[in-house]
Protein chains: 2
Amino acid sequence: MKTSTPSSSIEDYVKVIYSFTEWQQKPITSTQLAQRLGVANSSVSEMVRKLKDQGLVDHKPYSAVTLTADGVRLALSMVRRHRLIETFLVQELGYRWDEVHDEAELLEHAVSDTFIDRMAAKLGNPARDPHGDPIPAADGSVRMPSAHRLSELDDGHTGRITRISDENPELLRYLAAEDIDLDAEVEVVGRRPFGGPLVVRIGSAAASREFDFAEEVASALWVHSDAAHTGCNVADL
Amino acid sequence: MKTSTPSSSIEDYVKVIYSFTEWQQKPITSTQLAQRLGVANSSVSEMVRKLKDQGLVDHKPYSAVTLTADGVRLALSMVRRHRLIETFLVQELGYRWDEVHDEAELLEHAVSDTFIDRMAAKLGNPARDPHGDPIPAADGSVRMPSAHRLSELDDGHTGRITRISDENPELLRYLAAEDIDLDAEVEVVGRRPFGGPLVVRIGSAAASREFDFAEEVASALWVHSDAAHTGCNVADL
DNA sequence: CTTATTGTTTCGGTGTGCCTAATAATCTGT
DNA sequence: ACAGATTATTAGGCACACCGAAACAATAAG
């Protein structure tokens with residue numbers, strides 16, 4: 001179990017493994033890892049062995065990959081870096097929210113802990129990034145908002161947008177153009193027949209608009225139910 | 001002559017080659033390059049061949065290394081990055097001037113051109129960094145202040161500090177503690193016998209203080225003569 | 001229950017940037 | 001001008017992170 005500084009590849013692997021389980025429930029497989037990282041399956045096998053040697057993941061041949069406590073710690077610190085950087089780019093340097101992902105992807109491996117700390121201080125230790133993703137605290141605690149994909153809600157359900165997946169920049173630009181942002185009120189009106197788009201009402205009662213959302217849009221929007229403000233404190237490892 | 005994105009090693013080599021000639025006059029040798037980069041001589045030989053293949057340097061075996069026009073262009077863009085980042089860290093994130101060098105060294109390879117542009121805009125396109133080093137403009141033009149090392153001035157000479165070498169963080173901390181900063185007025189009083197320290201008067205006539213500067217301090221401070229404000233516009237390649 | 005199909009790992013090989021050790025070129029002192 | 005020291009280059013290797021192709025499990029289908 002070396003404590004040497006992890007390479008940026010290792011940081012990426014661990015971050016992707018963590019991110020997969022952040023909003024899904026099942027652990028990630030070799031092939032999925034390869035797809036998300038854009039590398040060959042063989043590269044993943046090799047790297048997973050290295051991660052295991054370093055005590056960052058648990059893995060038995062031909063089964064899924066899960067993080068150890070050390071792995072989660074490292075992953076959370078990378079996620080914290082990523083999301084703080086994204087927030088900083090938007091708030092301090094005038095980036096649009098569809099531009100920040102790639103830049104943060106590069107910076108998160110390069111900056112020092114000091115840089116992260118100063119940035120967090122300047123931003124007032126924000127709890128979430130421009131897409132609504134929770135920013136882990138320096139001690140590794142995360143406040144995960146309880147949220148469900150818009151695409152999975154029943155008709156008539158109401159709530160607020162708490163998170164918007166940043167995987168597709170095009171999608172973010174579309175939402176920005178339509179003036180759909182975090183914390184907007186939403187109501188599921190219904191679904192067009194034969195797996196058609198989801199009909200949704202967005203905005204406060206006074207000025208609300210109706211949208212037909214394709215599956216990709218509906219599953220990128222995460223909604224927090226109006227009812228109770230239930231959050232759970234995850235991962236004090 | 002590939003136009004592919006240069007690796008961060010290549011960026012470092014080119015930057016060091018340029019920096020050497022920025023304040024010296026002679027081109028850099030293999031060994032000096034190796035020392036400044038902290039690598040073996042053999043590594044330099046190998047890399048210099050690669051730089052030559054890419055058209056960034058001119059080099060004949062067993063002689064010094066000089067940059068081509070392409071090389072200078074790349075070097076200036078790296079120097080611009082480095083110095084803008086340093087300025088940003090001091091002005092926006094509250095870094096002390098002795099802390100910024102190493103952080104900038106890492107960041108300069110990671111950030112995008114967009115990041116650099118936005119940073120420069122936010123800072124108001126500064127012409128020099130916290131140590132007084134000139135920041136090349138985006139088009140590659142540099143305004144080099146005409147300055148001489150304090151250690152090389154004759155007795156009685158007066159001027160203002162235009163640049164403070166950032167090579168030694170200890171030195172920067174010492175100067176900060178003594179409240180010696182850019183643009184301070186200086187007068188060379190004399191030199192203690194037998195190559196002793198240089199005696200210097202610093203500050204405006206009203207409240208000036210006298211210092212005995214060891215060679216390392218005296219040669220880290222660059223002074224602009226009171227006389228004419230002569231700058232020259234270098235490198236519009 | 002044996003055979004496809006799919007997923008995973010192993011094997012050999014690539015490029016980059018570094019190393020040490022050996023060798024070749026240049027500079028220096030007498 | 002030449003031996004000896006210094007400086008530079010080549011040769012052979014290593015670690016990292018990647019690849020394609022081939023071998024190997026696990027699962028699904030006939």
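A polar contact of 3.5 Å joins the side chains of A:Glu22 and A:Trp23; select this pair as the starting point of the tour. A polar contact here is a pair of N or O atoms within 3.5 Å, where within protein one must be able to donate a hydrogen and the other to accept it, and residues adjacent in sequence count only if both atoms are side-chain atoms.

The model is predicted: local features need pLDDT of at least 70 and side-chain atom pairs count only at pLDDT 80 or more, while totals for chains, interfaces and linings use all residues. Residues are numbered from 1 along each chain as its sequence is written, chains are lettered from A and ligands numbered from 1 in the order in which they are written, and side-chain values use heavy atoms, with hydrogens and water left out.

**First stop: A:Glu22**

Keep A:Glu22 selected and display helix α1 (residues 8-23) of chain A, in which this residue is found. Helices (H or I, at least four residues) and strands (E, at least two) are DSSP runs, numbered from the N terminus. A:Glu22 is buried, with a relative accessible area of 11%. The term buried means under 20% relative accessible area, exposed means over 50%, and partly exposed lies in between (1.4 Å probe, protein chains only). Next, add A:Arg83, whose side chain makes a polar contact of 2.9 Å with the side chain of A:Glu22. Beyond the neighbours within four places in sequence, A:Glu22 is in contact with A:Arg83, A:Pro134 and A:Met144, contact meaning heavy atoms within 4.5 Å.

**Along the helix: A:Ile10**

Remain in helix α1 of chain A and select A:Ile10. At 4% relative accessibility, A:Ile10 is counted as buried. What does A:Ile10 contact, leaving aside its neighbours within four places in sequence? The residues to display are A:Met47, A:Lys50, A:Leu51, A:Gln54, A:Leu56 and A:Leu74. To check a distance in the viewer, pick the C-alpha atoms of A:Ile10 and A:Val48: these residues are 38 residues apart along the chain, and the atoms are separated by 9.2 Å.

**Helix α4: A:Thr87**

Move to helix α4 (residues 69-93) of chain A, where A:Thr87 lies. Is A:Thr87 buried or exposed? The residue is buried, with a relative accessible area of 2%. Not counting residues up to four places away in sequence, A:Thr87 touches A:Leu123, A:Pro126, A:Arg128, A:Asp129, A:Pro130 and A:Ile135. One of these, A:Leu123, is 36 residues from A:Thr87 in sequence and 8.1 Å away in space, C-alpha to C-alpha.

**A loop residue: A:Ser165**

Select the loop between β5 (158-164) and α7 (169-177) of chain A and find A:Ser165 there. This serine is buried, with a relative accessible area of 15%. Its side chain reaches the backbone nitrogen of A:Glu167 at 3.3 Å. With residues up to four places away in sequence set aside, A:Ser165 touches A:Leu172 and A:Ala220.

**Two residues with positive phi**

Most residues other than glycine have a negative phi. Select A:Tyr62, which has a positive phi of about 65° although it is not a glycine. Its place is in the loop between β1 (57-59) and β2 (65-67) of chain A, and at 87% relative accessibility A:Tyr62 counts as exposed. Then select A:Asp183, again not a glycine, with a positive phi of about 70°. A:Asp183 is found in the loop between α7 and β6 (185-191) of chain A and is partly exposed, with a relative accessible area of 36%.

**Chain B: B:Val142**

Turn to strand β3 (residues 142-145) of chain B and select B:Val142. B:Val142 is buried, with a relative accessible area of 1%. Its C-alpha atom is separated by 9.9 Å from that of B:Arg128, 14 residues away along the chain.

**Last view: the whole of chain A**

Finally, display chain A in full, with its eight helices and ten strands. Its radius of gyration is 19 Å, close to the 18 Å that the globule rule gives for 237 residues, so chain A is as compact as a globular protein of that length. The radius is taken over C-alpha atoms, and the rule is 2.2 Å times the number of residues to the power 0.38. The C-alpha atoms fill a box of roughly 60 × 45 × 30 Å, taken along the principal axes. Buried residues make up 45% of the 237 residues in chain A. Among contacts in chain A between residues at least 6 apart in sequence, 63% join residues at least 24 apart.
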